[in-house]
Amino acid sequence: TLNQAARRKPRPKRNKTKSPLLEGCPQRKGVVSDIFIAKPKKPNSAKRKVARVKLTTGKTIQAYIPGEGHNLQDHSVVLVRGGRAQDLPGVRYKLVRGTLDFGGVPNRMTARSRYGGE
């Protein structure tokens, strides 16, 4: 009855994940199938590099390519992590630099661990 339901504790709410296609893993391996340039939404203006990646789970996602310059092409094997590109709608993942086929950023001085060592 309603009375019994009111006496019980409410069920705790499950938090929705912001990177559902990683399926609870910290990273996933994938193969680049396409690289294109996206324009950020207002008020920013730039040419953001985005890769379409097919994960080992068989799902396809769009992932942001961080840092200046990259050596990616079709069929490169990359590591995908969570984290969205704030000014690109629909891009909810980023690629990890300096792992697998994805090189680090050369001559980078600051925040080096994020962009793959020399």
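Leu 22 is a good place to start: it counts as buried, at 2% relative accessibility (buried means under 20% relative accessible area, exposed over 50%, and partly exposed in between, with a 1.4 Å probe and protein chains only). The model you are looking at is predicted, so local features need pLDDT of at least 70 and side-chain atom pairs count only at pLDDT 80 or more, while totals for chains, interfaces and linings use all residues. Residues are numbered from 1 along each chain as its sequence is written, and side-chain values use heavy atoms, with hydrogens and water left out.

**Overall layout**

- The protein has 1 helix and 5 strands, and from the N terminus on they run α-β-β-β-β-β; helices (H or I, at least four residues) and strands (E, at least two) are DSSP runs, numbered from the N terminus.
- The radius of gyration is 19 Å, well over the 13 Å that the globule rule gives for 118 residues, so the protein is more spread out than a compact globule; this radius is taken over C-alpha atoms, and the rule is 2.2 Å times the number of residues to the power 0.38.
- Along the principal axes, the C-alpha atoms fill a box of roughly 65 × 35 × 30 Å.
- Of the 118 residues, 28% count as buried.
- Among contacts (heavy atoms within 4.5 Å) between residues at least 6 apart in sequence, 53% join residues at least 24 apart.

**Around Leu 22**

- Leu 22 lies in the loop between helix H1 (2–7) and E1.
- Leaving aside neighbours within four places in sequence, Leu 22 is in contact with Arg 28, Val 80, Arg 81, Gly 82 and Tyr 93.
- The C-alpha atoms of Leu 22 and Arg 7 are 38 Å apart, with their positions 15 residues apart along the chain.

**Nonpolar cores**

- In soluble globular proteins, nonpolar side chains tend to be buried together.
- The largest nonpolar core has 14 residues, and Val 53, Leu 72, Val 78, Val 80 and Leu 95 touch the most other members; such a core is a set of buried Ala, Val, Leu, Ile, Met, Phe, Trp, Tyr and Cys residues joined through side-chain atoms within 4.5 Å.
- Strands E2 (48–55), E3 (60–64), E4 (77–82) and E5 (93–95) each give two or more residues to this core, and E2 gives the most, with 3 residues.
- A second, separate core of 6 residues includes Val 50, Tyr 64, Leu 88 and Val 91.
- Beyond its neighbours within four places in sequence, Leu 95 has contacts that include Ala 51, Val 53, Leu 72, Val 78, Val 80 and Phe 102.
- Ala 38, in strand E1 (residues 27–38), is buried with a relative accessible area of 16%.
- Ala 38 and Val 50 are 12 residues apart in sequence and 6.6 Å apart in space, C-alpha to C-alpha.

**Salt bridges**

- The structure holds 4 salt bridges, each a side-chain nitrogen of Lys or Arg within 4 Å of a carboxyl oxygen of Asp or Glu.
- Glu 23, Arg 28 and Lys 59 are linked in a network of salt bridges.
- Within it, the closest N and O atoms are 3.4 Å apart for Glu 23 and Arg 28, and 2.8 Å apart for Lys 59 and Glu 23.
- The Lys 59 and Glu 23 pair links distant parts of the chain, with Lys 59 in the loop between E2 and E3, Glu 23 in the loop between H1 and E1, and 36 residues from one to the other.
- Arg 28 is buried, with a relative accessible area of 18%, whereas Glu 23 is partly exposed at 41% and Lys 59 is partly exposed at 35%.
- Asp 87 and Arg 48 also meet through their side chains in a salt bridge (2.6 Å, N to O).
- Asp 87 lies in the loop between E4 and E5 and Arg 48 in strand E2, so this pair ties together parts that are 39 residues apart in sequence.

**Two buried polar side chains**

- Arg 97, in the segment after E5, is buried yet has no salt bridge, and the nearest side chain of opposite charge, Glu 68, is 8.9 Å away (Lys and Arg count as positive, Asp and Glu as negative; His and the chain ends are not counted).
- A polar atom of the Arg 97 side chain lies 2.8 Å from the backbone oxygen of Pro 66.
- Ser 76, in the loop between E3 and E4, is buried with a relative accessible area of 6%.
- The Ser 76 side chain has a polar atom 2.9 Å from the backbone oxygen of Gln 73.

Conventions. Polar contact = N/O pair within 3.5 Å; in protein donor to acceptor, adjacent residues only side chain to side chain.
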